[in-house]
Amino acid sequence: MTQLAAPAVDTHCPYCALQCGMRLTGARVEPRQFPTNGGGLCQKGWTSGSLLTSASRLTTPLVRVDGELRPASWDIALDLIAHKIKALQAMHGADSIAVFGGGGLTNEKSYQLGKFARVALGTSQIDYNGRFCMSSAAAAGIRAFGLDRGMPFPVTDVGKADAVLLIGANPAETMPPFIQHLTNAARSGGLIVVDPRRTPTAEQATLHLQPRPGTDLALALGILHAVVADGHLRHDYVAERTTGFDAAWRIAAAWWPERVERVTGVAASDQRRAAAILAAASNAYVLTARGTEQHARGTDMVGAWINLAMSLGLPGTPGNGYGCLTGQGNGQGGREHGQKADQLPGYRKIDDPAARAHVAGVWGVDPDSLPGPGRSAYELLDALGTETGPKALMVFGSNVIVSAPSAGSVGDRLSSLDFLVVADFVLSETAARADVVLPVTQWAEEDGTMTNLEGRVLLRTKALSAPDGVRGDLDVLRELAIRLGQPEERFPVEPETVFAELRRASAGGVADYAGVTYDRLRAGEALHWPVPSEDHPGTPRVFLDRFSTPDGRARFAAVDHTGPAEPIDDEYPLIATTGRVLQHYQSGAQTRLVEELLNAVPEVFIEVHPDTAERAGLAEGVLARVVSRRGEMRARVRQVSSMRTDTVFLPFHFPGEQRANLLTNPALDPTSRMPEFKVCAVRLEVS
Amino acid sequence: MSARRVVVVGYGMAGSRLAEEIRRRDRDGERTSVTVIGAEPHPAYNRVLLSAVVAGTMTPESTQLHDAGWAAEHGVDLRLGVSVTSIDREARQVALDDGSTVDYDALVLATGSQAWVPPTEGLQTDDGSLAPGVATFRDLDDCAAILEHARPGAPVAVLGGGLLGLEAARGLAGRGALVTVVHPVGHLMERQLDPAGGAVLARALGEMGIEFRLGRFAARYVQGDGLKLDDGSHVPADLVVVSAGVRADTALAESIGLTVDRGIVVDDSLRTSDHRIHAIGDCANHPMTVSGLVQPAWEQAEVLADLLTGVDPAARYRGTPVVTRLKAKGVDLAALGDVHAEVDGDAEVLCLQDPVRGRYAKLVIRDDRVTGAIVLGSPDAAATITQLYDAKTPAPTDRLGLLLGRALSSAGPVAHSPADLPASSVVCRCNTVTKGQLVKAWRGGAATVPELATATRATTGCGSCTDAVCGIVDWLARA
């Protein structure tokens, strides 16, 4: 049974990157004043405590015997895993074992998972679900500014702005308390929302631009064109703080708003109005999210929005800026400390000899023993069980069979593995297919740090003890490492000890945590990285003096519109776009177990314009069959008159035949390797 | 196999685009060598932006299509300030006025068009050049000439009430010039508008200070005085801007015996009557294309680049649906397709006239598809209608909503009192709290907003529903 820790404990919500402050008394949740949430919580946060005592919780390891998952002791489960790893690696080499992490894991776990893969397994095959989340914004941010920190300013700065341009962001449902930071812009007549759907966020906007899905880049070029043509360009800023404007402008010059209108469906006058609103503002922000990032050209799309922000002189000036709204709880920290295929801790590059030498020194291993870059998330999943691909996969904190694109073929890949291990605290759809399932702790049952959407490092404090039979991920990694022949002191189990090592490993890197300590966090210090030393106050606002590029200037990207990877045609005449509802988080593995949330949204639905539904013979509330080149699924029809007639919307939180990702297109961005979740061609049929 | 030698005559919107499209497909020049010959000494510029230059919102430099180093970076042999003197079709060789020659495997004529100047007395001097105080509106030099005279308060006459003439007129009026548009037809933009639409447009532009003489020809121009019209009336003008249409520049094509009609006749492969010579842009005459617009020229450049590089030998150009957008500040006009259908004819025609507010909307629908439209003063409707026209998708059954756009709000009826809200209506979205739940909690004793928040969690997310919850408390307290 769960034991209630006596006093109330201040911590943060387990879900999104806003990391709302909350107070836990046992499993009872109360909101708490914290800058990101201002004392608010959404329904997911309020109900998050119920999972701590959920009957659906896993409390014993499960091992597949004769095709069925059966309870087993930890020793049997761990011995079996170690045995399988050794046998497969002896036969097929180190890379035959792959690791898949998650953006919900703490910094300590992300760090330790990367170290476990590179040192204990010696495999290059590690990536994580953040590749499906933040990778395009990260790649575009690095290209433009030399550094990726989702919001390079505190989130409360946005609340003081009189204009905010949100692109592909629906925080009213995905991070509801964030909406309070948009109130000033909305009241000032300066909230502009770009979204193919009229979302609850768009409904609050001064100006809602509703482009055809996949045409965001053209829209960004049109608004940039309007900025220049209507005399809003900040010439001084462009000359002093940036490079590459001319090449970017030559492309945008060919995209006058009337031409853009024809491609996007966004009125030319609305493009001009958006430019004028942003230009007239005293303080303005441009914020992107998944809607414009999850494309096969996502990096360029974000680059085009950054270009726009730079043309208006926003990034790196006080009270203005560009940022991305990070999604997962530790989407920021999770992409900094080495669970990414091409990275080492501190946001270091794995192919940089100096980075390898530094990290190997901290780890006490030979730099040459560290593997090189591995496959990106989808490419990794797509290679599983193939001749040259990994034979075994270990999943931590992810539910790929629901959340990966072209989910049907990902399921086939998982089936062809020799061995699948999943560590989770519920039996997710992916765990249900595993050979071994390891029951691990939840957020409130252990200490750990998270880095929120503004790059602030937060301490989540243990509020109650885990049920008997459950172990922490750090514990699991340590036990496996020892079984694989690692010295036990190399894989400590105390989060604070791991964090101390992470600080050293990140020291001198881009995401420098060297000066962050648990004691400083306990004392309530607001520490935004980089924090290079213990007497350093942190960096709430980066780029005010210079950008992190070699010459200190931000770089315009010469990007042009080309359109989605899969255009619609007679056979698949509709554009499907995927997204989220307020009540569910990611694959829904957690939130679907919360009765109150499940009752609110019990199953997948498809939003369709009434005319489009009628032409397909689909009445309100019936089940539709939705078919793409990758697969088909079923969803209940919701007729929504604000939808574009050429577009349908599906939330992706549901399992089995309700998976939106059975349809999605795994076309990948050439730089970020982000799949095209937001646009694929489908048709509707009567189920 | 050696690279195919492509020679492009003309470095304007079409020629420069073709060079770009070829290099996009054949970056390293493995399949093609490209030579571009431009008669003007300066780099190509974007003619679409000239209205913005006249309006003063854009500098001439920012209309440049390529940076100075573009050609070198992309392996294009660009020869500026030289003209073609002759073409030897037999030898497949072009002779230039600098004495050099260039051999070709494929020759592309992208010579564009020239402004047509009506035979009004006094507009041209004896040698055919424009009289002082007269300018056409085709290139950057014209813009410079126009701006020289367009001082605030200066009288300016624009000859021609077509698309370009009106854009020039609007730009000049915005600079404070006193503009009069003289147009020989009874309504403006007669190619794109019906008479009623043209009348509303004239009224809208009239409110910006532009005067119109419709159905009138200019009979005579006197420098320093202005125009005398065919009805004997007088239009004062320090400057006359001639925008009376364009003529395809076909002189070179005619000189070598290619088939020429209104332009150089081309087929779906953009081939002229000589299979090694192509033509694109304003100088070309494709059966399905209206010339004078940039979109067809750019689409032709894409098709021709596919063919010349061999990337897609099956590529064909089959015409571009024309959507006319007037780029004039404060006036939003879109016109497309067949706009002359009558309301009582065989097509489904919807029409709205609201001249006082500068709005006119006409929608022509056949077989459930938009086949024509005029949308003036309703920009978001124009955007939606254009997409339906381009995609040939069925028009929404809510025709009126389509016609009016945001003017007919998509939002449902607004509840003025909490009493009008259905019980199932969600008041607090962050916590999915309905009006019904709030009423129930109130009846259970939660009488204030904080008490309702404790009971239902309403207002505890982003807080933006606090006013609505207050309203419900007041309503319940009064009830």
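In this predicted model, the loop between strand S21 (527-528) and strand S22 (554-555) of chain A holds Pro530(A). The peptide bond leading into this proline, from Trp529(A) to Pro530(A), is cis, with omega near 0°. Chain B has a backbone oddity too: Leu270(B) is not a glycine, yet has a positive phi of about 60°. Leu270(B) also turns up in a loop, the one between strand S18 (264-265) and strand S19 (277-279) of chain B. As background, most residues other than glycine have a negative phi, and most peptide bonds are trans.

Stepping back to the layout of chain A, the assignment splits it into domain 1 (71-132 + 330-493), domain 2 (135-325) and domain 3 (574-686). Taken over C-alpha atoms, the centres of domain 1 and domain 3 of chain A are separated by 30 Å. Where these two domains of chain A touch, domain 1 puts in 18 residues and domain 3 puts in 20 residues. On the domain 1 side, at least two residues each come from helix H17 (377-383), helix H18 (400-403) and helix H19 (407-415) of chain A. Sorted by class, that side of domain 1 of chain A is made up of 8 nonpolar, 7 polar and 3 charged residues.

Chain A also offers a pair of packed helices to look at. Helix H3 (residues 107-121) and helix H20 (residues 473-483) of chain A have axes that come within 10 Å and cross at roughly 15°. An angle under 35 degrees counts as roughly parallel, and therefore H3(A) is roughly parallel to H20(A). As for handedness, H3(A) passes H20(A) in a left-handed crossing. From H3(A), the contact draws on Glu108(A), Lys109(A), Gln112(A), Leu113(A), Phe116(A) and Ala120(A). H20(A) answers with Asp473(A), Leu474(A), Leu477(A), Leu480(A) and Ala481(A). Put together, the residues of this helix contact come to 7 nonpolar, 1 polar and 3 charged.

Turning to chain B, its domain assignment gives domain 1 (4-113 + 247-309), domain 2 (134-244), domain 3 (330-407) and domain 4 (418-478). The C-alpha centres of domain 1 and domain 2 of chain B sit 31 Å apart. Their contact involves 8 residues of domain 1 of chain B and 11 residues of domain 2 of chain B. On the domain 1 side of this contact in chain B, there are 6 nonpolar and 2 polar residues, and no charged ones.

Chain B has an open sheet of 3 strands as well, in the order S13-S14-S15, with antiparallel pairing. Strand S13 (218-222) and strand S15 (234-236) of chain B are the edge strands, each pairing on one side only. On average, and ignoring direction, neighbouring strands of the sheet are turned by 20° against each other. Strand S14 (residues 226-229) of chain B pairs with S15(B) in the antiparallel sense over 3 bridges. For Gly226(B), the bridge partner in S15(B) is Pro236(B).

Finally, the two chains meet: 39 residues of chain B are in contact with 41 residues of chain A. On the chain B side, strand S21 (323-328) and helix H9 (379-391) of chain B are the elements that give two or more residues. H9(B) gives the most, with 9 residues. By class, the chain B side of the contact with chain A divides into 14 nonpolar, 17 polar and 8 charged residues.

Definitions and conventions
Residues numbered from 1 in each chain as written. Chains lettered and ligands numbered in written order. Predicted model: local features only at pLDDT ≥ 70, side-chain atom pairs only at ≥ 80, totals over all residues. Domains from an automatic or database assignment. Contact = placed C-beta atoms within 7 Å. Helix = DSSP H or I, 4+ residues; strand = E, 2+ residues; numbered from the N terminus. Nonpolar A, V, L, I, M, F, W, Y, C, P; charged D, E, K, R; others polar. Pairing = 2+ DSSP bridges. Axes fitted to C-alpha atoms, helices over the stretch in contact; angles between N-to-C directions. Parallel < 35°, antiparallel > 145°, perpendicular 65-115°, else oblique. Left-handed = near helix turned anticlockwise from the far one by under 90°.
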